[in-house]
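Work through the following exercises with the sequence and the model at hand, and compare each step with the solution given.

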Amino acid sequence: MAASPNFEEGQSTYRPPRFNGQYYGWWKTGMHNFTMTEDSELWDVICDGPFIPMKTIGETVVTVPKTRKEYNDVDRKAIEKNFQAKKILVCGIGPDEYNRISACQFAKEIW
């Protein structure tokens with residue numbers, strides 16, 4: 001059986017596994033496990049996309065995204081989940097892979 005690709009760095013419960021371009025299946029499982037232990041809602045953001053605060057306008061019940069000035073504390077907490085998920089994903093890749101995802105705004109795009 002081949003050794004895990006991260007044995008040269010050692011395993012850590014504080015850092016996500018590092019993807020080096022090989023062993024994607026191993027990395028994917030490790031990232032899922034790491035993310036779920038950090039906060040299970042982060043995995044929802046990675047799979048389903050970020051929370052976008054909406055508001056209702058007019059009598060015809062049209063929903064549109066709120067502006068940042070209209071966010072309340074609950075909206076801000078929910079939006080932070082996307083950035084937390086992005087941080088975990090970015091910390092789990094090397095510089096070669098980073099160039100491929102650097103323009104992504106959402107954790108789902110990175111995944």
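**Exercise 1: the buried face of a helix**

The buried residues of H1 are Trp27, Gly30, Met31, Phe34 and Thr35, where buried means under 20% relative accessible area, exposed over 50% and partly exposed in between (1.4 Å probe, protein chains only). This is a predicted model, in which local features need pLDDT of at least 70 and side-chain atom pairs count only at pLDDT 80 or more, while totals for chains, interfaces and linings use all residues. Residues are numbered from 1 along each chain as its sequence is written, and side-chain values use heavy atoms, with hydrogens and water left out.

Task: determine how the buried residues of H1 are arranged about its axis, and what they pack against.

Solution. Seen down the axis of H1, the buried residues fall within an arc of 130° (taken from the directions from the helix axis to the C-beta atoms), so they line one face of the helix. They pack against helix H2 (40-48) and helix H3 (73-91), contact meaning heavy atoms within 4.5 Å.

**Exercise 2: a lysine in H3**

Task: establish whether Lys81 is buried or exposed, and find its contacts beyond four places in sequence.

Solution. Lys81, which lies in helix H3, counts as buried at 18% relative accessibility. Leaving aside neighbours within four places in sequence, Lys81 is in contact with Asp39, Glu41, Leu42 and Val45. The C-alpha atoms of Lys81 and Glu41 are separated by 7.4 Å, although these residues are 40 apart along the chain.

Terms used
Helices (H or I, at least four residues) and strands (E, at least two) are DSSP runs, numbered from the N terminus.
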